[in-house]
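Student: I am new to this structure and would like a close look at a single part of it. Please take one residue and work outward from there to what surrounds it.

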Amino acid sequence: MSELETETNLYLFHEFGVEGDERAVSASWPFQLRRVAESFGQVVFEFEDEQPYFALGGTEFDVMPKAGMDVADLETQTRGSEWIAARDPVDLETSRPGDVSLPSMLERRKRLLHLADDACGEGALVLIGVYLRTEGRYIALVAQPGHSRALALGLESVPRRVEFPDAPSWRRLAWAVGTWLDASRDPGVG
């Protein structure tokens, strides 16, 4: 066992509010970490605590429910998340009065609802939507009325189906962006 497992368990000890003495934290307590990959400069661990989780250790620490994802899906999500972050995303809750380069909060909501209605019909629910300032583009994850699946909009002309209903909306949208990036890099995709 390595020092990284101990450091990751220390992070998880605090993150999960584990009862006990912090000095008892080790490479194998409070969680049995299984090293499953190294990705994006981080070591990816899996562990269980009422449900399966990913824990990231290395230069930064993070933890998230697996929500049906495997390591390849987590890597796809990370690529998508990095792509979104590099485009100065602005969510639907952000207001920047006087910033003429940013459509108003009301205009952003209206555009995203219009996008959702066009793709899914009247009453579509926007689960998460962002305006990418550097591209002047809207992307969103929407739920179709009467369906459990979600669709990613704004990446291509056809909505992209998104799985992982137990994952938070931001992770699902990032995963959709990652799959879109992967497909656009494929020389067989035109």
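Tutor: A polar contact here means a pair of N or O atoms within 3.5 Å, where one must be able to donate a hydrogen and the other to accept it. The model is a predicted one. With that said, the starting point is Ser 39, whose side chain makes a polar contact of 3.1 Å with the side chain of Glu 75.

Ser 39 belongs to strand 1, which covers residues 34-39. Its relative accessible area is 10%, and because buried means under 20%, Ser 39 counts as buried. Leaving aside residues up to four places away in sequence, Ser 39 touches Val 44 and Glu 75. Those two contacts give two directions to follow.

Take Val 44 first. Not counting residues up to four places away in sequence, Val 44 touches a list of residues that includes Arg 34, Val 36, Ser 39, Phe 54, Leu 56, Val 71 and Leu 74. Strand 2 (residues 42-48) pairs with strand 3 in the antiparallel sense over 7 bridges, and Val 44 stands opposite Leu 56 of strand 3. The hairpin of these two strands has 3 residues between the strands, and Glu 50 in this hairpin takes a positive phi near 70 degrees.

Strand 3 also pairs with strand 4 (residues 62-65), again in the antiparallel sense, over 4 bridges. Strand 3 and strand 4 form a hairpin too, with 3 residues between them. Across this pairing, Ala 55 has Val 63 of strand 4 as its bridge partner. Of the 7 residues of strand 3, 5 are buried, so strand 3 is largely enclosed by the rest of the structure.

Now the direction of Glu 75, which leads to helix 2 (71-85). Helix 2 has 15 residues and spans 21 Å from its first C-alpha to its last, close to the 21 Å expected at 1.5 Å a residue. At its start, a side-chain oxygen of Asp 70 comes to within 3.1 Å of the backbone nitrogen of Ala 72. Among the buried residues of helix 2 are Val 71, Leu 74, Gly 80, Trp 83 and Ile 84.

Both directions meet in the largest nonpolar core, which has 27 residues; Val 44, Phe 54, Trp 83, Ile 139, Leu 155 and Val 177 have the most contacts inside it. Strand 3 and helix 2 are among the elements that give two or more residues to this core, as are strand 6, strand 7, strand 8 and helix 4. Helix 4 supplies the largest share, 6 residues. A second, separate core of 14 residues includes Leu 92, Ala 116, Val 126 and Ala 140. In soluble globular proteins, nonpolar side chains tend to be buried together.

The core leads on to a sheet. It is open, with 5 strands in the order 5-6-7-8-9 and antiparallel pairing. Strand 5 (89-91) and strand 9 (160-162) stand at the edges with a single partner strand each, so one side of each has no neighbour in the sheet. From one strand to the next, the twist averages 25 degrees. Strand 7 and strand 8 run antiparallel and are joined by 4 bridges, and Val 142 stands opposite Leu 151 in strand 8. Helix 3 (residues 105-120) packs on the sheet, touching strand 5, strand 6, strand 7 and strand 8. Helix 4 packs on the sheet as well, touching strand 6, strand 7, strand 8 and strand 9, and its direction makes about 135 degrees with that of strand 9.

Methods. Residues numbered from 1 in each chain as written. Predicted model: local features only at pLDDT ≥ 70, side-chain atom pairs only at ≥ 80, totals over all residues. Heavy atoms only, no water. Buried < 20%, exposed > 50% of the residue type's maximum accessible area, 1.4 Å probe, protein only. Contact = heavy atoms within 4.5 Å. Core = buried A, V, L, I, M, F, W, Y, C linked by side-chain atoms within 4.5 Å. Pairing = 2+ DSSP bridges. Axes fitted to C-alpha atoms, helices over the stretch in contact; angles between N-to-C directions. Expected span 1.5 Å × (residues − 1).
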